[in-house]
Amino acid sequence: MTSKKIVIVGSFGVGKTSLIRRFVDETFSEDYKVTIGVHILKKTVEIQENIVNLIIWDTEGTDDIEEIRKAYLLGTHGFIYVTDITRPKTYENLAAHKTYLNEQFGNVPIIAVGNKTDLLAKGSIAQMKEDMDFLDLLISAKEGNNVQRLFERMAKMLIA
Amino acid sequence: MINQDDKLDLLRTLLLTDDRQLAESISTKISILEETLREKDKLSEKISPIIREELEQYTLNMPKTLGPAITKTLKIQIQESKDEVVEALYPILGKMIKKYISNEIKMLSESIDKSTKEAFSSKGIKRKLMSIFSGVKENDMIISALAKAHVEQIFVIEKGSGILLGSYQTKETVDEDMISGMLTAIKAFVEDAFKETHHDLQSIEYDLYEIHLHSFHKYYIASAVSGTFTERLENELENFNFEISEDISKKSILHDRDALEALLLDRFKTYKFTEE
Ligand SMILES: Nc1nc2c(ncn2[C@@H]2O[C@H](COP(=O)(O)OP(=O)(O)O)[C@@H](O)[C@H]2O)c(=O)[nH]1
Ligand SMILES: [Mg+2]
């Protein structure tokens, strides 16, 4: 079994904590509690014959990625960059932030996701996917869509 | 008795996570943010930077105002000057320390309570008899029994990532991967906050343990010691760690978990820690 450190980044309120809770505990809550500092959880995923132990670090929401304590990001094996598809501000700096992460913390995989697809009108997801092609995956922490898939995709990239 | 989840929660508390109370001073603004988030109001975009700024100010000011009060380690003499220490440290690391200390005291007394409940066990009866005949108060005897130092667990943890490379433990414990990550985060937080002083964080008190941290180039060794942590034990631990680190580099087994754990087990069996 191999252990990998995954860090979830993204602006305030995009659903980082909800995403992890959905993945790890299979729960969702409408309550919004601000994450302060860092929160660590873990879950294993199985990819073919490999068991990958994901140690997931949940960070405080910041609009400016450089504000996250650098020491928390050291040694990260993969980043998940969460945005809220209903708030353009949360993805407008995506490209720059990806560059920053790769320059500072090594050339590790970054998966960018758009969260809260459950808020979209039925049938508009396909169009959304096209319009937001800079996002790797559209998810809903609330309903669980693509959440398992996201972490499996990450695990796969990490053992490749 | 404290269960495993509570222990993890305690460590989490140290990391200030999900702590609504911490944000008390800005709670009104946070609730405005909550509302606007719920209503999907564009306003949230305007409000969040303000809150962020306040939080930022809050963290920025912590090390500045009381940096010097933190000495070589975070070791806290709870019994000696509880209030003073709380007062002095409180603004630095905020509620995290305060909560931590009060938890510490709570758990110490819980543990004493538990020992008292053992009164009808043979150990308890023996202690009671000894207490009657020696005139030493029973609770004091319990405290001295608790105080016997014992190295319980050793973790070798990768710096930065906080990934557990190997461990040795005398008994089953809370999730080791999470402990490793959280210790690393605490270490990073404290060291970051006191950058100018160039001190590695050397120990953390947690539960009834003192966790001794010893940094090497790519990893650090964390040892959980129960009971009273003496200077002598600290020296012994450091020597022990140096021996382990020599072996690790000689055999280059840092990333070979089985070999590393075999080494820890073997070394631990042969090394004599003084237990006063
Ligand atoms: N509708 C909807 N709301 C979500 C979703 N994920 C999170 N939220 C809500 O968004 C708010 C912020 O979520 P949180 O996980 O705390 O965000 P964080 O600041 O990025 O950790 C909370 O009120 C959540 O209930 C989602 O997939 N759909
Ligand atoms: Mg959060």
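Helices (H or I, at least four residues) and strands (E, at least two) are DSSP runs, numbered from the N terminus. The model is predicted: local features need pLDDT of at least 70, side-chain atom pairs count only at pLDDT 80 or more, and totals for chains, interfaces and linings use all residues. Residues are numbered from 1 along each chain as its sequence is written, chains are lettered from A and ligands numbered from 1 in the order in which they are written, and side-chain values use heavy atoms, with hydrogens and water left out.

**Exercise 1. The sheet of chain A**

Task: State the strand order of the open sheet and find which strands stand at its edges.

Solution.
Step 1. Two strands pair if DSSP finds at least two bridges between them. On that basis the 6 strands of the open sheet follow the order β2-β3-β1-β4-β5-β6 (chain A), and the pairing is mixed.
Step 2. β2 and β6 (137-138) of chain A each have a single partner strand, so they stand at the edges with one side lacking a neighbour in the sheet.
Step 3. Take the pairs in turn. β2(A) and β3(A) run antiparallel and are joined by 10 bridges; in this pair, Val45(A) has Val52(A) of β3(A) as its bridge partner. β1(A) and β3(A) run parallel, with 7 bridges, and Ile8(A) is matched with Asp58(A) of β3(A). β5 (residues 110-115) of chain A is joined to β6(A) by 2 bridges, also in parallel; there Gly114(A) has Leu138(A) as its partner.
Step 4. The hairpin of β2(A) and β3(A) has 2 residues between the strands, and Gln48(A) takes a positive phi near 50° in it.

**Exercise 2. The setting of helix α1(A)**

Task: Decide whether α1(A) is enclosed or open, and name what covers its buried residues.

Solution.
Step 1. Buried means under 20% relative accessible area, exposed over 50%, and partly exposed in between (1.4 Å probe, protein chains only).
Step 2. Of the 10 residues of α1 (residues 16-25) of chain A, 7 are buried, so the helix is largely enclosed by the rest of the structure. Among them are Leu19(A), Ile20(A) and Phe23(A).
Step 3. Contact means heavy atoms within 4.5 Å. The cover over the buried residues of α1(A) includes β1 (2-9), β2 (38-47), β3 (50-59), β4 (78-84) and α5 (147-159) of chain A.
Step 4. α1(A) lies across β1, β2, β3 and β4 of chain A and runs at about 150° to β3(A); axes are lines fitted to C-alpha atoms, for helices over the stretch in contact, and angles run from 0 to 180 degrees between N-to-C directions.
Step 5. Just after the helix, Glu26(A) takes a positive phi of about 55°.

**Exercise 3. Ligand 1 and Lys116(A)**

Task: Find which element gives the most to the shell around ligand 1, then list polar contacts of Lys116(A).

Solution.
Step 1. A residue is near a molecule if one of its heavy atoms lies within 4 Å of it. Ligand 1 is surrounded by 19 residues, the closest being Gly13(A), Lys16(A), Thr17(A), Ser18(A) and Asp118(A).
Step 2. α1(A) gives the most to this shell, with 3 residues.
Step 3. An oxygen atom of ligand 1 is 2.8 Å from an N or O atom in the side chain of Lys16(A), and an oxygen atom of the ligand is 2.9 Å from a backbone N or O atom of Ala141(A). Taken alone, ligand 1 exposes 580 Å², and the protein buries 93% of that (Shrake-Rupley method, 1.4 Å probe).
Step 4. A polar contact is a pair of N or O atoms within 3.5 Å; within protein, one must be able to donate a hydrogen and the other to accept it, and residues adjacent in sequence count only if both atoms are side-chain atoms. The side chain of Lys116(A) makes such a contact with the side chain of Asp84(A) (3.1 Å), and a polar atom of the Lys116(A) side chain lies 2.9 Å from the backbone oxygen of Gly13(A).
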